[in-house]
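Grab a pencil and work through these exercises with the model open beside you. Each one sets a task and then walks through the solution.

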Amino acid sequence: MKSEHLLSITLRISKKAEKPGTTFGITGTIACWLVLLVVIPAVADETLIAVSYNIRQDTASDTEARDWQSRKGALTRYLLDGKFSIIGLQEVRHNQLLDVDRALPEHKFTGVGRDDGKTRGEYSPIYFHANSWKLDPEQHGTFWLSDTPDVIRSRTWGNRYPRICTWARLIGLNGPFKGEAIYVFNTHWDHQSQPSRLKSAQLILKTIASRTYKNEPVLLMGDFNATTDNPAIKSLLSSSLVIDHGKKQLSTGSKWKPELVSGLRIDHIFTSPQFAEATLKVELNPGVKGLSASDHHPVVLRTKIPVQKQ
């Protein structure tokens, strides 16, 4: 129900309460206004909010405030409080995946560990709000950034570690997303091999271009370990398949410091051109004892879901 309809209903009831013999009174009028205040925000906000966040893997070398057990509360609270419809995470170990899953009871996820295609190694999972989206059972998966993308743990481009991209087609269930669908790609590129980054860009573009529902919009997010000056990122943005909405450049490498500094992003959320208007922002997420909750800052995209022509 739209806000103007609710307003009309409230005014009519209020006028009725003024007539002799009615027992509705002030209490009923106040109750209607409370309904108006509560309902309008839930239906009027048509914004799609997505975040990409490298949460830093749980590793024994991180101690005290950098230890996952110390910082997971601040990190998962950020994800919960942000009201994110779609979440792409990187460097997620299986125990971290379970911690985030428990902290986000209204979200579901898809993704696998890069070392065995199940639970070993880092995930690049996609979380989605289960009241807004459902996973297309035929349109999701993980591929390895190599010449043999369907081969688990494959590496052929000079990278020391396996690199992956998890993808999903999400179908809207409720609100402004109902009846719409979106493809989401979440990736983590290599931190050393430039040939690997260049070829990863080519493979992801090829995969986006070959998606089954070619007119549906796309989000491409992740830790690319490459700035917008890098030829691999430039190849993405010159393809006409994705665009960058970032106006102000701030570094996404936090170095564990809870402050934003000037610099070029290596974490990105790109969209297909259907998203004509969007804002992209690097955000702070302080952890404990004066440190950031991760060695990366989260990147947040706010936009409207494009309505597909029938």
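This is a predicted model, so treat each exercise as a reading of a prediction.

**Exercise 1. Sort the lining of the second largest pocket by residue class, then find what sits closest to its centre.**

Step 1: The lining splits into two nonpolar, seven polar and nine charged residues.

Step 2: Next, the space itself: the second largest pocket holds about 240 Å³. Of the 18 residues that line this pocket, Gln57, Arg114, Glu122, Tyr161 and Arg163 are the closest to its centre.

**Exercise 2. Find out how many cavities of 30 Å³ or more the structure has, and describe the largest cavity.**

Step 1: Searching the whole structure turns up one cavity of 30 Å³ or more.

Step 2: The volume of the largest cavity is about 40 Å³.

Step 3: Now the walls. Glu91, Arg114, Glu122, Tyr123, Ser124, Pro162, Arg163, Ile164 and His188 make up the lining. By class, that gives three nonpolar, two polar and four charged residues.

Step 4: Compare with Exercise 1. Arg114, Glu122 and Arg163 line the largest cavity, and these residues also turn up among those closest to the centre of the second largest pocket.

**Exercise 3. Work out the strand order of the sheet that contains S5, and say which strands stand at its edges.**

Step 1: Reading across, the order is S5-S6-S7-S8-S10-S9, in an open sheet of six strands with mixed pairing.

Step 2: S5 (133–144) and S9 (243–244) each have a single partner strand, so each has one side without a neighbour in the sheet. Those are your edge strands.

Step 3: Add the helix. H5 (residues 194–209) packs on this sheet and touches S5, S6 (164–172), S7 and S8. The direction of H5 makes about 145° with that of S5.

Step 4: Zoom in on one pair. S7 (residues 181–188) and S8 (residues 218–223) run in the parallel sense, with six bridges between them. Histidine 188 has aspartate 223 in S8 as its bridge partner. You've met His188 before, in the lining of the largest cavity.

**Exercise 4. Do the same for the sheet that contains S4, then work out which way the S4 side chains point.**

Step 1: Here the order is S3-S4-S2-S1-S12-S11, again in an open sheet of six strands with mixed pairing.

Step 2: S3 and S11 (278–282) have a single partner strand each, so they stand at the edges with one side lacking a neighbour in the sheet. Ignoring direction, neighbouring strands are turned by 20° against each other on average.

Step 3: Check the partners of S4. S2 (residues 86–90) pairs with S4 in the antiparallel sense over three bridges, and isoleucine 86 stands opposite phenylalanine 128. S3 (residues 107–110) pairs with S4 in the antiparallel sense too, over four bridges, with histidine 107 opposite histidine 129.

Step 4: Now the side chains of S4 (residues 126–129). Ile126 and Phe128 point one way, Tyr127 and His129 point the other way, and all are buried.

Step 5: At the other end of the strand order, S11 and S12 (residues 299–304) pair in the antiparallel sense over five bridges. Valine 282 sits opposite valine 299 in S12.

Step 6: Finish with the helix. H3 (residues 68–81) lies across S1 (47–54), S2 and S12, at about 160° to S1.

Notes: Residues are numbered from 1 along each chain as its sequence is written. This is a predicted model: local features need pLDDT of at least 70, side-chain atom pairs count only at pLDDT 80 or more; totals for chains, interfaces and linings use all residues. Side-chain values use heavy atoms; hydrogens and water are left out. On a 1 Å grid over the protein atoms alone, a cavity is a set of points where a 1.4 Å probe fits but cannot get out, and a pocket is an open set with protein on both sides within 12 Å along at least five of seven lines; lining residues have an atom within 4 Å of a point. Grid points are joined across faces, edges and corners, and a volume is the space filled by probe spheres set on the points. Ala, Val, Leu, Ile, Met, Phe, Trp, Tyr, Cys and Pro count as nonpolar, Asp, Glu, Lys and Arg as charged, and the others, Gly among them, as polar. Two strands pair if DSSP finds at least two bridges between them. Helices (H or I, at least four residues) and strands (E, at least two) are DSSP runs, numbered from the N terminus. Contact means heavy atoms within 4.5 Å. Axes are lines fitted to C-alpha atoms, for helices over the stretch in contact, and angles run from 0 to 180 degrees between N-to-C directions. Buried means under 20% relative accessible area, exposed over 50%, partly exposed in between (1.4 Å probe, protein chains only).
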